[in-house]
Amino acid sequence: MLNIGIIGCGKIAQVRHLPEYEQNPGARIAGLYDLNQERAQALAAQYGAKAYESYEALLADPAIDAVSVCSSNVSHAEIAVAALEAGKHVLCEKPMATTLEDCERMVAAAKKSGKYLMIDQNQRLAGAHRKARELIRAGAIGKPLTFRTAFRHGGPETWSVDPGKSTWFFDKKRAAMGAMADLGVHKTDLIQFLLDQVVVETTASLSTLDKKFADGSPITVDDNAVCIYRMSGGAVGTMTASWTNYGPEDNSTVINGTEGVLRIYDDPVHTLVLIRRDGTVENFDVDQIQTNDNQTKSGIIDLFVDCLNDPSREGIGAESVLPAMRAVFASIESSETGRAVRVNE
């Protein structure tokens, strides 16, 4: 039985980490910390855990085996590295960190400590994504040529544990990045996972088009990001992340190859559609993608626990997420400089 600590008790902890650890027979929620002490204490009482006065105190407790880092973006690296140095396994929310140097520092700390560092890039676990990867590897659409992938919803102000226009997601001091890091990192990681290719060049535009603070001033992070990615295997496509989609949530991907097309979470009826070059169509009804309004079990907690119990199990190790983070930071540079940027290896 693994004793789990949760650092940061906001919305993602409340709808994913806490209930999914509680449902996992191999884990026990043992400790909680949040800047809001009343919130941590209330949740600790609910889950039969201990509320700590600081994350340092939680990490100093030898009874804690592993932690979920669910704090605001700018604190991910600091807390994750401290946890690894304290001998804890770590599951960290995305984005992994707010600078590439911090991402690399986290990977180095995991290697030095011998502890496991996993990042919550849960789109790799969605059923239609895993099936699509299998089909691409089997040659169902031939060589991938072009793609479009998007993650668009109405914004985090209704999702945050403290909803409204003052959510920390909008504050550059706490979030560092906006839609690009919140949603774009998911789809950047996903397209690399699906194609078995990495982004080698990006041309990007990050904008603040609509979101405003309560006083009417624009938020201090991007609410939209549009990127053109060139991949290591030759494919070219677009990645769009948006907080200003005031209709049904869009979490779709379409991949065009020399022998056909894959439509993933794009068809209103079928979760995965394979259209072959000869015109034949095969539908796969694998699952439904999660939305902010329809949270289903992510699988990320179960995978983390399984990886700790069986180190041979393939998880979502931090080192495998570095290529996506490199593409994210290169896209920010591209938007700031107005030019295409090569992604560093």
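**Chatting about backbone oddities and aromatic pairs**

Author: Hi! This is a predicted model, and a good place to begin is Pro 95, which sits in the loop between β5 (89-92) and α5 (100-113).

Reader: Okay, what is the peptide bond from Lys 94 to Pro 95 like, cis or trans?

Author: That bond is cis, with omega near -10°. Most peptide bonds are trans.

Reader: Neat! New topic: what is phi of Asp 196, positive or negative?

Author: Positive, near 55°, and Asp 196 is not a glycine. Most residues other than glycine have a negative phi.

Reader: And where is Asp 196?

Author: Look in the loop between α8 (179-195) and β8 (199-207). Asp 196 is partly exposed there, with a relative accessible area of 41%.

Reader: How about Tyr 265, buried or exposed?

Author: Tyr 265 is buried, because its relative accessible area of 11% is under 20%. Tyr 265 also has a positive phi, about 50°, and lies in the loop between β12 (260-264) and β13 (272-276).

Reader: Switching again: how many aromatic pairs does the structure hold?

Author: Three. One of them joins Trp 168 and Phe 169, with ring centres 4.1 Å apart and planes at 20°, so that pair is stacked. Both residues, Trp 168 and Phe 169, are buried.

Reader: And what about Phe 170 and Trp 243?

Author: They form a tilted pair, 5.7 Å centre to centre with 50° between the planes. Phe 170 is in the loop between β7 (144-152) and α7 (172-175), and Trp 243 in the loop between β10 (236-242) and β11 (253-257), so the pair ties together parts 73 residues apart in sequence. Phe 170 and Trp 243 are both buried.

Key
Residues are numbered from 1 along each chain as its sequence is written. This is a predicted model: local features need pLDDT of at least 70, side-chain atom pairs count only at pLDDT 80 or more; totals for chains, interfaces and linings use all residues. Side-chain values use heavy atoms; hydrogens and water are left out. Helices (H or I, at least four residues) and strands (E, at least two) are DSSP runs, numbered from the N terminus. Buried means under 20% relative accessible area, exposed over 50%, partly exposed in between (1.4 Å probe, protein chains only). Rings of Phe, Tyr and Trp (its six-membered ring) pair if their centres lie within 6.5 Å; planes under 30 degrees apart count as stacked, over 60 as edge-to-face and the rest as tilted.
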